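Please look over the chain shown here before reading on. The paragraphs below go from the whole to a few individual residues.

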Amino acid sequence: MEKTVEIEVIEKVLMLYGFDAAITEQKSYIHSIEDNGWLKLIFRVTLASGKMLVIKILHEDDDLAAEMKKVENQSIFSELMRSHGIKTPARYQVNGKYCNEFTYHELPCMVTVEDWCGEEITEITTDIAYQIGELMARMHQISLDNKSEIGHRTLFSAAYWNDVDCFPEFCEITKDEKLDQAVVAQIKALRDAKLESIRAVWETLPKAAVQGDISINNLVHSEDGLIVFDYNNAGDEVLISDLVMEGLLTAYEMELPDGTPASYREQIFPALLKGYLSVRPLSEAEGKTAWEVYTLYHGLWFTRIVYNDDSLDSLVKKGDYEAANHLLKQMLTDMQETDDGRFRGQ
């Protein structure tokens with residue numbers, strides 16, 4: 001049975017933001033209440049007028065004031081995008097703030113209210129990937145032009161910490177002496193060299209606020225283009241990092257249409273990149289570093305290492321060392337790929 005939020009709580013939120021409190025329906029997206037007092041309630045309400053709103057009641061950090069500041073800045077960024085023609089849900093204010101204090105059953109929280117924009121896309125295709133690239137490039141350019149900052153990092157810094165780095169797991173798995181240790185050593189050395197090269201120029205590359213999670217799960221089809229929503233991972237990032245890491249995530253972790261061969265995935269990233277470059281060409285320095293980032297993370301993509309049935313971890317656990325060593329060689333080959341100019345539109 002779907003968990004719901006108490007009507008009196010919803011009415012309190014709606015009145016706070018100046019809406020008629022009469023609702024006809026609610027739909028829960030996330031209803032999580034932890035023992036430590038943290039909670040995440042994200043739900044849609046339909047008003048008597050037919051208008052649909054998404055309400056988020058959150059307490060996910062011990063420093064609630066800092067978390068509220070981040071969410072407020074993310075909301076300001078979202079509205080900046082909307083004011084410059086990016087299709088994204090309108091957010092609502094109370095006393096000049098999008099993110100406001102709210103008490104949920106005596107627990108101090110924050111609350112935001114925004115328009116509902118439709119059902120998310122569920123499958124990736126090359127056509128959608130191209131559109132994602134265009135959209136990302138437009139958002140990057142708007143952010144750069146307006147010197148937009150959120151004051152918080154994203155999940156995907158290619159040069160430092162990121163949410164798809166499973167190299168520590170790789171190092172643990174490859175302690176197995178039945179794996180080709182010569183290839184393992186080459187991979188480790190090449191990774192170190194690429195990171196050193198990337199970090200040497202990282203601070204010189206264009207950086208600005210980004211949405212930070214522009215996957216199909218946060219996109220909606222509309223008659224005149226994609227609508228982007230959900231800025232909870234928005235932060236400040238080197239733009240090529242956002243491009244490459246989000247592009248690889250879209251290519252390798254989104255669902256394909258039924259019956260589509262797995263090999264089709266290899267067409268997704270090039271399509272997304274083509275869309276991006278049609279709007280925002282990269283400089284020589286960005287293109288060169290983007291290639292280093294791409295070959296590093298394409299080679300050592302996290303689901304090649306863990307989680308998937310054909311990952312290095314799974315193959316070793318099954319004792320299929322022939323396949324595991326073949327995968328290691330393919331990882332190395334992908335990391336050694338020669339720059340073909342694709343990030344500079346060649």
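What follows is a walk through a predicted model, beginning with its confidence and overall form and ending with some side chains.

Since the coordinates come from a prediction, confidence is a sensible place to begin. The mean pLDDT of the chain is 94, and 99% of its residues reach 70 or more. Confidence is lowest in strand β1, residues 23-33, where the mean is 92, and it is highest in strand β6, residues 207-210, at 98.

The chain contains 11 helices and nine strands, and its C-alpha atoms fill a box of roughly 65 × 45 × 40 Å when this is taken along the principal axes. Does the radius of gyration agree or disagree with that of a compact globule? For 346 residues such a globule would have a radius of gyration near 20 Å, and the chain, with 22 Å, agrees with this. Of the 346 residues, 54% count as buried, while the chain exposes about 16,200 Å², of which carbon and sulfur atoms supply 49%. Among contacts between residues at least 6 apart in sequence, 72% join residues that are at least 24 apart.

The aromatic side chains give a more detailed view, for the structure holds 11 aromatic pairs. One of them is formed by F77 and Y231, whose ring centres are 6.0 Å apart and whose planes stand at 75 degrees, so the pair is edge-to-face, the cut-off for this being over 60 degrees. This pair links distant parts of the chain, as F77 lies in helix α2 (residues 64-83) and Y231 in the loop between β8 (225-228) and β9 (235-238), 154 residues apart. F77 has 2% relative accessibility and therefore counts as buried, and Y231, at 1%, counts as buried too.

Another pair is made by W301 and F302, with ring centres 5.2 Å apart and planes at 65 degrees, so that it is also edge-to-face. W301 is buried, with a relative accessible area of 2%, and F302 counts as buried at 12%. These two residues form one aromatic cluster together with Y252 and Y307.

A charged residue completes the tour. Is E286, in helix α8 (residues 284-299), buried or exposed? At 3% relative accessibility, E286 counts as buried, because buried means under 20%. Leaving aside neighbours within four places in sequence, E286 is in contact with L205, P206, I240 and R280, and with the side chain of R280 the side chain of E286 makes a polar contact of 2.9 Å.

Technical notes: Residues numbered from 1 in each chain as written. Predicted model: local features only at pLDDT ≥ 70, side-chain atom pairs only at ≥ 80, totals over all residues. Heavy atoms only, no water. Buried < 20%, exposed > 50% of the residue type's maximum accessible area, 1.4 Å probe, protein only. Polar contact = N/O pair within 3.5 Å; in protein donor to acceptor, adjacent residues only side chain to side chain. Contact = heavy atoms within 4.5 Å. pLDDT = per-residue confidence, 0-100. Helix = DSSP H or I, 4+ residues; strand = E, 2+ residues; numbered from the N terminus. Rg over C-alpha atoms; globule rule 2.2 N^0.38 Å. Areas by Shrake-Rupley, 256 points an atom, 1.4 Å probe, with all protein chains shown as cover. Phe/Tyr/Trp six-rings, centres within 6.5 Å; stacked < 30°, edge-to-face > 60°.
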